[in-house]
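Work through the exercises below with the model open beside you, and try each task before reading its solution.

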Amino acid sequence: MWEAPWEALLEPFASFGFMRRALLGCIAISVGATPVGVFLMLRRMSLTGDAMAHAILPGAAVGYLVAGLSLGAMTLGGLIAGMAVALLSGLVTRVTALREDASLAAFYLISLALGVLIVSTRGSNVDLMHVLFGTVLALDDAALILLCSIASLSVLTLAALFRPLVLECADPQFLRSVSGLSAVTHFTFLTLVVLNLVGGFHALGTLMAVGIMILPAAAARFWAASIGWLVIAAVAVAMLSSLSGLLLSYHYSLPSGPAIILVAGIAYGVSLVFGPTGGLVARALLRPHFNS
């Protein structure tokens with residue numbers, strides 16, 4: 001009687017290699033992309049991550065047109081498109097009166113429309129769904145190596161730039177005044193954002209990749225106060241969401257990428273209500289103390 005829940009939990013991964021590959025890919029994305037999402041949230045750049053996720057679409061679409069569903073071509077195309085949008089929006093902000101959020105929104109909307117147009121006119125509906133929503137259950141060895149490499153590079157880079165990143169979150173003007181690392185830190189961080197979004201794109205698609213960055217980070221905000229514990233909590237939420245979403249997709253025939261992001265959204269909702277650090281219940285319990 002007690003074996004049934006464990007069988008439901010372990011049997012998909014014990015029986016099917018594609019489930020094990022999907023879980024490993026999601027763990028790699030959780031380790032690499034979610035800490036980047038924590039810093040996006042702390043720097044009030046969460047919507048920037050969403051814009052950059054859409055900005056990689058035309059590059060990936062061009063890579064698809066040139067070489068089909070080629071991991072290398074689509075990755076290179078996505079990186080070029082994402083970095084081009086980031087640099088162009090920054091340039092427009094510096095030489096015109098348009099603010100960075102408005103210029104970024106303009107470029108990402110153009111990129112999204114161009115990417116969908118390219119894929120839909122030169123490919124099939126299946127290709128469009130693959131690009132937009134990913135194929136986490138079809139990850140091969142090359143894709144897993146790419147995801148694990150991006151995760152390793154992200155962890156090492158964040159460790160090397162941890163102090164400047166934290167200082168830039170707290171007081172970017174102070175960092176600019178005392179150190180020449182401000183511009184390097186900002187550009188390196190944007191590169192990490194694009195790199196992780198391109199990696200996540202292969203598993204979750206352009207529309208879902210940013211979800212594994214932002215939702216676990218937002219949920220962790222209600223469970224931890226320090227940045228170190230924020231990162232740990234966010235990675236844990238991302239991993240549990242990935243495991244739960246894959247199991248839901250297996251047992252109930254749901255699309256895997258949206259299932260993973262939906263579970264992360266549920267985790268955010270639960271954290272919003274019951275989280276001990278600023279959650280609704282915790283704030284309600286503290287209110288009489290402050291009024292007395």
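Two exercises follow, one on a helix and one on an enclosed space.

The model is predicted, so local features need pLDDT of at least 70 and side-chain atom pairs count only at pLDDT 80 or more, while totals for chains, interfaces and linings use all residues. Residues are numbered from 1 along each chain as its sequence is written, and side-chain values use heavy atoms, with hydrogens and water left out.

**Exercise 1.** Work out what span helix α2 should have, and compare it with the distance between its end C-alpha atoms.

Step 1: Helices are DSSP runs of H or I with at least four residues, numbered from the N terminus, and α2 covers residues 17-42, which is 26 residues.
Step 2: The expected span is 1.5 Å times one less than the number of residues, which gives 38 Å for α2.
Step 3: The end C-alpha atoms of α2 are 37 Å apart, which agrees.
Step 4: Look also along the helix, where α2 has a kink of about 30 degrees centred on serine 30; the bend at a residue is the angle between axes fitted to the seven residues ending there and the seven starting there.
Step 5: After α2 comes arginine 44, with a positive phi near 55 degrees.

**Exercise 2.** Find which helices each supply at least two residues of the lining of the largest cavity, and sort that lining by kind.

Step 1: A cavity is a set of points, on a 1 Å grid over the protein atoms alone, where a 1.4 Å probe fits but cannot get out, and lining residues have an atom within 4 Å of a point.
Step 2: The lining includes Ala28, Leu147 and Leu195, and the helices sought are α2, α8 (141-160) and α11.
Step 3: The lining divides into six nonpolar, four polar and no charged residues, where Gly counts as polar.

Definitions and conventions. On a 1 Å grid over the protein atoms alone, a cavity is a set of points where a 1.4 Å probe fits but cannot get out, and a pocket is an open set with protein on both sides within 12 Å along at least five of seven lines; lining residues have an atom within 4 Å of a point.
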